[in-house]
Amino acid sequence: MYILLFVMVLGNVSGQGKKGQLPVGKVDPILPGYFADPTIKKFGDTYYIYATTDNEMLASGVPTVWYSKDFEHWYNHTMEVPSLESVNLRNFWAPDIIEGSDGRYYLYFGNCQAGCNIYGYVSSSPVGPWEKLNEDDTPVIAHNYPKEGFPSLDAQFFTDDDGKIYAYWGTWVHYNGGYAVGELDSKNMSKIKNPKNIPLDQTPEPFEAAYMMKKGDKYILMYSGGSCHDETYNVRYSYSDSPYGPFTPGTNNPILSSNGNGTVHGPGHHSVLEEDGSHYIVYHKHDYPMTRGGLSRQVSVDELIFENDSTLQQVSPGSKGPGKSIQSNVPSNLALHAKASASSFYQLESLEYDYAYLPSYATDGYNATMWKAGDNSFPQSLTIDLETQTHVKRIMTQFEFAGYYYQYTLEYSLDGKNWEVFADRSKNRISGSPMTDDADVKARYIKLTVLDTEKTGLLAAVWNIKVFGSLFDIPLEINGKPSIEGPGTKSSRQKLVSIDAKDVLEKRNFDSLINTGTIGGSFEKKGEVSIYQQDGITAFNFKKGALVLNQPVPKSLEWNGAFTVATWVKNPEISKEGECLLSWCDRFEFNLANSYNALHYNSGNYGAAAHLDGHFDMKYNALPPANEWHHIVLTFDGVVEKMYVNGKLDNSQVMVLASQIKNAKLRIGASDVGEHYSGYLASLEMYDYALNEADIQKLMMETSPVRDN
């Protein structure tokens, strides 16, 4: 019987109130972390999952592979993949891999940094290191192939009984005329011949992620429909007598979709493992609580059942996986369900969620839950009680992000008071999951102390910590390479920026304004900005101008760094677009891999917070009325972004940022591409931490432009 951590709160079941803890167990993801577009393969006696890494904006994390011998205990490795000559690759989307007739392994990735292309690599090992198939960076499948405007992404390869290898690819296919199919040249493994498009009516309601398999004499073309950003994402299929079609839509579509209790949300972009006559669908679904835009997906597996060679049953989430019948060499986890305490834990409170990242989640054995510290300060500690004194020889820690390193120490104790070092990773610069540390001690208590992280703004967080009384073999035992980057910059917990129009009341033709915040410098006037005074209120009057700070954007604001922006504004006319109040990132540094952050005051989808597009931006739920003074505040604490209007929470969303500040300018009244604000602004403050609601209301009273009248 599966153990349920919690039942859903009544409001979650009925559709009223906030969402709390969810039941987990049989619907638990198989990997501890954020990964998508999984390709499952078995080479020899080892399973491999190649996946898109969701650590960064638009899934631009490191190229990664997971491997396991028992389908239960998985190990992560960051692969060495050469970059292009023309651009530093940051997208490694939707990988697939083929074992060639020459005994080598051929890896294919999609990328949209130099056009939406699919590139190929080769290695003597399933985990690399990899070499380019084409040294001149010619794509295996190029953008505009097989027709103009067609984006070549999401390639999956299928080997037929006669040895021919076919590729299936395409995304946003409902806009682009259907999926594409072609034959891979098996002599060089780097070219596609005889391509053609599959008509849209043969794959109804498509979006992306075609996957071909064969059952008997039937070719089963599976694919994902709906939108990958929300609950509409699903898996569908059609079938044919030929790899090229024509295809007939299958029955029971969609065969996998979001379920009613929220444990499977937005499932899709899958692959299939066939083992011992059974089939298993390996797919991603959204994390819970869900990150806005589907930025942080997790991998799950369920059984895939055929009624006959051309008919698939609907998938039952929580059905058995292949690991149930595989013997494992891993001994019992001594920390499973052990009591746990922590220096702090994060309480997610938003308009949608009321969810606690409890210390006990680090010992529950599930990959759907984690302990997360209360904020992004360090050190943070997690202590577990094994209840009895026992031999401890190995500790495995699964941190939140497998692709970034964590610096930490592990200590042990017999009485919970006197501690000795089990492992010192205080200078660690190697990423991975799990992090494995060995010693030979007798202990009752284990303490993990997280000292730092590779990326600015990440919180100490652990999916699972596992303790073993004996050693055991680890598949492959690959050593990762140390990062050349130092740990992320810490928050100063200071007011970085502060300006007030009253300070320049007598300088009606001002050209600069001193920043009284801690980073100093001065704001230089660019374009049309003047001083406005009416009814005892002094404000800046923005038309087509900006105030640009002559200091670098602080490093505490990069990546996932926390922030607060607070300003008093009056917008006479509210446009649907533009109207940028403050921007501080470089949206062009890595393009799609960037997180661009800005505060706006418009009526569109990014009227409150701008990041990328409507799937990630945040609008005002209740647009502040035009031609009135409002206190507008945007906060981000490393987990949740919140919008306050006049001291009250207006909107909120769970976010993961990848903020780029190199070459960026902090601009008041405009973005880096214009989007000029056309109204009044009395004052503005910016902090490198998130103010709480009480602090915001206090600040509103202290800075009100009408407080003396």
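Which residue of strand 11 does Tyr168 stand opposite? Tyr168 faces Val181 there. What follows comes from a predicted model, so to speak of local features a pLDDT of at least 70 is needed, side-chain atom pairs count only at pLDDT 80 or more, and totals for chains, interfaces and linings use all residues. Residues are numbered from 1 along each chain as its sequence is written, and side-chain values use heavy atoms, with hydrogens and water left out.Strands here are DSSP runs of E with at least two residues, numbered from the N terminus, and two of them pair if DSSP finds at least two bridges between them. The pair just mentioned, strand 10 (residues 165-169) and strand 11 (residues 180-184), runs antiparallel and is held by five bridges. Both belong to an open sheet of four strands in the order 9-10-11-12, with antiparallel pairing. Strand 9 (156-159) and strand 12 (192-197) form the edges, each pairing on one side only. From one strand to the next, the twist averages 25 degrees, with axes taken as lines fitted to C-alpha atoms and angles running from 0 to 180 degrees between N-to-C directions.

Another open sheet of four strands has the order 13-14-15-16, and its pairing is antiparallel too. Strand 13 and strand 16 sit at the edges with a single partner strand each, so one side of each has no neighbour in the sheet. Going through the sheet in order, strand 13 pairs with strand 14 over six bridges in the antiparallel sense, and Glu208 has Ser224 of strand 14 as its bridge partner. Next, strand 14 (residues 218-225) and strand 15 run antiparallel and are joined by seven bridges; here Tyr223 is partnered by Arg236 of strand 15. Strand 15 then pairs with strand 16 (residues 248-249) over two bridges, again antiparallel, with Ser238 opposite Pro249. In a regular strand, side chains alternate between the two faces of the sheet.

How much of strand 15 is buried? Six of the seven residues in strand 15 (residues 234-240) are buried, where buried means under 20% relative accessible area, exposed means over 50%, and partly exposed is in between (1.4 Å probe, protein chains only).

Charged side chains come next. A salt bridge is a side-chain nitrogen of Lys or Arg within 4 Å of a carboxyl oxygen of Asp or Glu, and the count by this rule is 22. One of them joins Lys214 to Asp160, with the closest N and O atoms 3.0 Å apart. Lys214 is in strand 13 (residues 208-215) and Asp160 in the loop between strand 9 and strand 10, so this pair links parts of the chain 54 residues apart. Asp160 is buried, at 8% relative accessibility. Asp160 and Lys214 also belong to a network of salt bridges together with Asp161.

Arg236, already met in strand 15, makes a salt bridge with Glu205 (3.6 Å, N to O). Glu205 lies in the loop between strand 12 and strand 13 and Arg236 in strand 15, so the pair ties together parts 31 residues apart in sequence. Is each partner buried or exposed? Glu205 is exposed, with a relative accessible area of 56%, whereas Arg236 is buried at 8%.

A further salt bridge pairs Asp438 with Arg394, and their closest N and O atoms are 2.8 Å apart. With Asp438 in strand 29 (residues 435-453) and Arg394 in strand 26 (residues 380-399), the pair ties together parts that are 44 residues apart in sequence. Asp438 is partly exposed, with a relative accessible area of 40%, while Arg394 is buried at 6%.

That leaves the enclosed space. A cavity is a set of points, on a 1 Å grid over the protein atoms alone, where a 1.4 Å probe fits but cannot get out, and lining residues have an atom within 4 Å of a point. Grid points are joined across faces, edges and corners, and a volume is the space filled by probe spheres set on the points. There are five cavities of 30 Å³ or more, and the largest has a volume of about 230 Å³. Its lining takes in 25 residues, of which Tyr34, Tyr357, Met370, Lys372 and Glu400 are the closest to its centre. By class, this lining has 15 nonpolar, seven polar and three charged residues; Ala, Val, Leu, Ile, Met, Phe, Trp, Tyr, Cys and Pro count as nonpolar, Asp, Glu, Lys and Arg as charged, and the others, Gly among them, as polar.

The second largest cavity has a volume of about 90 Å³. It is lined by 16 residues, and Asn376, Gly457, Thr489, Lys490 and Ser491 are the closest to its centre. Its lining has three nonpolar, nine polar and four charged residues.

Definitions and conventions:
On a 1 Å grid over the protein atoms alone, a cavity is a set of points where a 1.4 Å probe fits but cannot get out, and a pocket is an open set with protein on both sides within 12 Å along at least five of seven lines; lining residues have an atom within 4 Å of a point.
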